[in-house]
4 protein chains.
Amino acid sequence: MKNLRFGTCLPVFGQCADRYVQSGYKEENFTMRQMFERVTKVPDITGVELVGNWHINDENFTEVSGMLKDCGLNVCMVVPDLWTQGKWGSGTFTSKDGKIRREAIEEVKKCMDWAASVGCDMVDVWLGQDGFDYPFQMDYQEAWQQIIEGLRECCDYRKDVNVLLEYKLKEPRTRLFITTAGKTRFLINEVDRDNLGILCDLGHAQAAGENMADGIATCGELLQAIHINDNYTLWDDDMMVGSLHTIESIEAMYWLDRVGYDYYYTLDVFPYREDGIRAAQESIDWVKGYYELIDRIGKERIEQVIKGGDATEMSKMMREAILGVR
Amino acid sequence: MKNLRFGTCLPVFGQCADRYVQSGYKEENFTMRQMFERVTKVPDITGVELVGNWHINDENFTEVSGMLKDCGLNVCMVVPDLWTQGKWGSGTFTSKDGKIRREAIEEVKKCMDWAASVGCDMVDVWLGQDGFDYPFQMDYQEAWQQIIEGLRECCDYRKDVNVLLEYKLKEPRTRLFITTAGKTRFLINEVDRDNLGILCDLGHAQAAGENMADGIATCGELLQAIHINDNYTLWDDDMMVGSLHTIESIEAMYWLDRVGYDYYYTLDVFPYREDGIRAAQESIDWVKGYYELIDRIGKERIEQVIKGGDATEMSKMMREAILGVR
Amino acid sequence: MKNLRFGTCLPVFGQCADRYVQSGYKEENFTMRQMFERVTKVPDITGVELVGNWHINDENFTEVSGMLKDCGLNVCMVVPDLWTQGKWGSGTFTSKDGKIRREAIEEVKKCMDWAASVGCDMVDVWLGQDGFDYPFQMDYQEAWQQIIEGLRECCDYRKDVNVLLEYKLKEPRTRLFITTAGKTRFLINEVDRDNLGILCDLGHAQAAGENMADGIATCGELLQAIHINDNYTLWDDDMMVGSLHTIESIEAMYWLDRVGYDYYYTLDVFPYREDGIRAAQESIDWVKGYYELIDRIGKERIEQVIKGGDATEMSKMMREAILGVR
Amino acid sequence: MKNLRFGTCLPVFGQCADRYVQSGYKEENFTMRQMFERVTKVPDITGVELVGNWHINDENFTEVSGMLKDCGLNVCMVVPDLWTQGKWGSGTFTSKDGKIRREAIEEVKKCMDWAASVGCDMVDVWLGQDGFDYPFQMDYQEAWQQIIEGLRECCDYRKDVNVLLEYKLKEPRTRLFITTAGKTRFLINEVDRDNLGILCDLGHAQAAGENMADGIATCGELLQAIHINDNYTLWDDDMMVGSLHTIESIEAMYWLDRVGYDYYYTLDVFPYREDGIRAAQESIDWVKGYYELIDRIGKERIEQVIKGGDATEMSKMMREAILGVR
């Protein structure tokens, strides 16, 4: 079977809050060390995503590196915090306030440095607060230009770290700017830098009206990170992998292989009411199982079915693999 | 395994038109006899749904009965045509035109008679043109009252035929009146007749924001017919069973069993671009396979998992059944 | 013009947190007294909704009453807290844990007492944690039965306080049980108590696939409270009234009048990035403006247009009222 | 006020069929000449869109030109028929059948010729059958490449006719390939031809999760045609302009002006149950009214509000313009 590397976002192992239960659904309040230790309970996981300032900063840098070493974990991604503080609420790269725009760009650069110094060559720029809520609230073209220029500055800051764009249709703003795989590729064309790539959150792809496989194929060679989770397609529910979309998930895995994806499979699940450790293990076991099933079917057969384009053939192939030959 | 009876709507075996390809995606133009013969190519199917006036009427009654006998097929449902003619466009039971309301009710009664005389004890009242498109277009309360009174008259017409209500959120109107399982049960409370039940189209349930199993459980003992198909949850795509929602479909089958459902599993698939015969066979094979899988898991285990309510346990159970034990 | 009473939920005047900015988008951390004082900055508002335990409890009861008196505010609703604590996460009335179910019911009763003693005759039972996230997680019929029995106990506890049900399709669970106006009425039929009514959140109605006016008409005489806000129809965005759905909002106001609604118009807006006081004022000014516009058109003309059912007539009527006669 | 040119698709003035009422909701069956004459009943309309083969072909070319002349109408767009015949059902530019791909490209070229000879310099390439319905049905990357190459061939065929791409998320396929403004711009980057532009159907934009204004701004200088209509945001309902989204529509008009849009405002409304002539007139009157309202507010004020980004200011501005100053 394909050799897979698994990573995780830390909220998978944390308290999981929402706008109603703001202190989190879990009774315990985990420290960062405790979260790392919880991660080690899922031996498949070898990488963690750290959010700038929260998990990693100039003060705790050495300490965090030590903890991770103790736990045998790598940093698979550093994520600039451009979305957890009130000051980012009305935008970062597209803030109407030049000072905020500056801070946001510097934040990304700091994260690029932190990433480099822990041996990670990518940062995940998710502009979750850059968008709008109401009509007549933004100059869409000016904002787009600001994103382009901000990204150029970040990419130029250091070439040894890749800047990945994570797209999402909405939330926390009711509308975001970097929404779909296609629009992200258009943006990357405009920015025109070599160290710019894409992080595809498979749940975001679904909630943007994409079949996950189609999203992955659109990202193509620019895809350098994924977040895995599932949802009901209308919202970023961050459910466990495998929950709902069996066949589309299998197709997504097949296409990750097709585009030569060879990076981390990173959990971005919010197990509000579940045990995080078991939710992580389950999610990983689904991914492994999907690939085993693909191997059982055989990639040649899958390729033949796609070439044929006959939906009943596809149906038969998947049914026999999932429910058994009749 | 559970003893299953399969039925079908005739469009499964027809040309399949939409608003763009109005003459249908298939080259051939099938006669009714040809459609019946096509149905026999799928030996599991023993029942067909006939639409009043189109498939069955006072003129062709004997002929159709003969054809069906020749083909060894039963009539599992008669569906009053309240949605294929321009005259129904602005409503039937809720038309602003009293003459149209009267015609609509008489249409249902005629279908009840036809049903009875072909040995079928149910009609499917789908008020697909009763709703609205624009604001300020309907007096919602008056329309609701008209539906109640119309249904009472139909139910009282003859007690030996059950009137089933088929709910749907929208299409062809942008909004319909009988939208969800819950609202249908409220309506049935108001109508207050014993021979009134529900037809749950599993695709309509999904497109109404219901998990199929939840819709089935809400219908409960009033559920006397189902339409089976799948969709992307935002529209009545009428895709082949098994296409997308594997786990939710298995849960739906489990709940059909739980509520003691013992009627037809009727295909309402639109294989616009597929071979209808194979699409029907595939859909049936998925249903059978779902029930075999439920048997393999064992209902006791499923019950235990539901009692526990632990989503990771559910996940493990489904994963092992679908992808194999690791 | 219609005499209108306005109320408000307190988050309108608070920090407004979401799952990303858990400490809230506003810099200040308002005390309850401060929130009340902020409410008085919007003179139209005469009532506030208090959430049990958070805003009102046995300890602070006298103090809160005093503060409200000082501010000239009434309590227009008491809302049992069945959704802000981790312990409610897997359900309240439908928890698998009998102890939790008991606590939940007692919570409602306590709120009924608190309500009565501050001169408010209604509580808002929003079962926001009662639903499910994953398939095979709930026994839907058992849960429904538990809701029925729990509500009967609450209603029977004291007849002088009305128990209102607030429906919502989803969030915080990915699926809730009390989802639509129709299903709520079905539930009320089953519970069969006189002091049971409905709170219709106009945003929830939209996100449940209802036109607001249709939701209101379905609630009918059982409608005893509303929450006002707007959204993009796919999620409970809790935007300012008037933001997006102009014509449908006007129709909703017209229907509130039609069903004889004579209770509070209560703001449930989340002004994450706006000034709460101005957001509240704006929302109220839209409501007043809607009713003034209805008066300018004249209810007779509106009635005529509805009777006619001609969408182009409706369009002309609204266009001339909104954009002026050409 | 802005000088506006109005065009129309012919179905606005036709029978309007859907998959249920396949013969159309209107009793009369209009000939092309009758449709043109009906168009003249709406004097604002000066252009019509002709669909290749149906409305214009080598045989009827002179006759149609004559009719249009008689009616004083221009051809504002020629639309290659790549979606009304069963043969296109499984794709045109991306068909698995090389012969079909060839036919499709030739179809576009023929339309370019017809367009040129009636004095129209654009064709609307809407690849409505190019997409997929089921997983594992398409090689997304190969299809994308075929679209790129097909478009290059068309663009190169003659430089004096612009090829416009019309994007849509879905329907008639459950998923299409050219889905959003962003993805269209990415595609145009890849095709890299000067005579390639965009037709933005404002209803498609909404149903793709875009605010119309944002879609327009994303299209920017490449926007050379629009289709106007409204919908409930989840489906291409093709409702009359002005029906639902008042404020977002005003914003869209403002942005059309901002990007310097100076082409036809073309009706793509399906008045299934309305009189087509009055539905067209109403739609046009809304557009004119929107621009008058923008003039009353003043573009400077709008610009100031956008610059400020304060949603309550926006709300006040729109409220006063729509409902009057309080």
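**View 1. Chain D laid over chain A.** Turn chain D by 180°, with 0.0 Å of shift along the axis, and it lands on chain A with an RMSD of 0.0 Å. The two copies are therefore related as by a two-fold rotation axis. If you want a landmark for that axis, look for F186(D): in chain D its C-alpha is the nearest one, 2.1 Å away. The same surface serves both copies, and 100% of the contact residues of chain D recur in chain A. Keep in mind that this is a predicted model.

**View 2. The ground shared by chain D and chain A.** Each partner brings 45 residues to the contact, 45 from chain D and 45 from chain A. Together they bury about 3900 Å², and 61% of that sits on carbon and sulfur atoms. Three aromatic names are worth finding here: F136(D), Y140(D) and F186(D) account for 21% of the area chain D buries against chain A, more than any other three residues. F186(D) is also the residue whose C-alpha comes nearest the axis in chain D.

**View 3. Polar links between chain D and chain A.** Two salt bridges cross this interface. One of them runs from D139(A) to R258(D), with the closest N and O atoms 2.8 Å apart. Polar contacts between the two chains come to 16 residue pairs. On the chain D side, at least two residues each come from α4 (140-157), α5 (181-191), α7 (212-219), α8 (246-258), α10 (299-308) and α11 (311-323). The top contributor is α8(D), with seven residues. Sort the chain D side by class and you get 22 nonpolar, 11 polar and 12 charged residues.

**View 4. H204(A) and its surroundings.** Zoom in on helix α6 (residues 202-207) of chain A to find H204(A). Is H204(A) buried or exposed? H204(A) has a relative accessible area of 3%, so it counts as buried. Its side chain makes a polar contact with the side chain of D236(A), at 3.3 Å. Setting aside neighbours within four places in sequence, the residues in contact with H204(A) are W126(A), E166(A), Y167(A), K168(A) and D236(A).

**View 5. A salt bridge within α11 of chain A.** Here E320(A) and K316(A) join their side chains in a salt bridge, 3.1 Å from N to O. The two residues are four apart in helix α11 (residues 311-323) of chain A, so about one helical turn separates them. E320(A) counts as buried at 18% relative accessibility, while K316(A), at 32%, is partly exposed.

**View 6. A bridge from chain B to chain A.** E292(B) reaches R326(A) in a salt bridge whose closest N and O atoms are 2.9 Å apart. This pair crosses between chains: E292(B) belongs to helix α9 (residues 276-297) of chain B, and R326(A) lies in the segment after α11 of chain A. Both ends are partly exposed, E292(B) with 26% relative accessibility and R326(A) with 46%. For the bigger picture, the structure holds 120 salt bridges over all chains.

**View 7. The α11 pair in chain C, and a charged network.** In chain C, E320(C) and K316(C) form a salt bridge at 3.1 Å, N to O. They are four residues apart in helix α11 (residues 311-323) of chain C, which means about one helical turn lies between them. E320(C) is buried at 18% relative accessibility, and K316(C) is partly exposed at 33%. Elsewhere, salt bridges with shared partners tie R19(A), K168(C), E171(C), D236(C) and D238(C) into one network.

**View 8. Chain C against chain B.** This contact takes 45 residues from chain C and 45 from chain B. The buried area is about 4000 Å², with carbon and sulfur atoms giving 61%. On the chain C side, F136(C), Y140(C) and F186(C) lose the most area to chain B, together 20% of what that side buries. Two salt bridges span the interface, including D139(C) with R258(B), where the closest N and O atoms are 2.8 Å apart. There are also 16 residue pairs in polar contact between chain C and chain B. Among the helices giving two or more residues to the chain C side are α4 (140-157) and α5 (181-191), and α8(C) provides the largest share, seven residues. By class, the chain C side has 22 nonpolar, 11 polar and 12 charged residues.

How values were computed
Residues numbered from 1 in each chain as written. Chains lettered and ligands numbered in written order. Predicted model: local features only at pLDDT ≥ 70, side-chain atom pairs only at ≥ 80, totals over all residues. Heavy atoms only, no water. Contact = heavy atoms within 4.5 Å. Buried area = accessible area lost by both parts, 1.4 Å probe. Salt bridge = Lys/Arg side-chain N within 4 Å of Asp/Glu carboxyl O. Polar contact = N/O pair within 3.5 Å; in protein donor to acceptor, adjacent residues only side chain to side chain. Nonpolar A, V, L, I, M, F, W, Y, C, P; charged D, E, K, R; others polar. Buried < 20%, exposed > 50% of the residue type's maximum accessible area, 1.4 Å probe, protein only. Least-squares fit on C-alpha atoms with pLDDT ≥ 70 in both.
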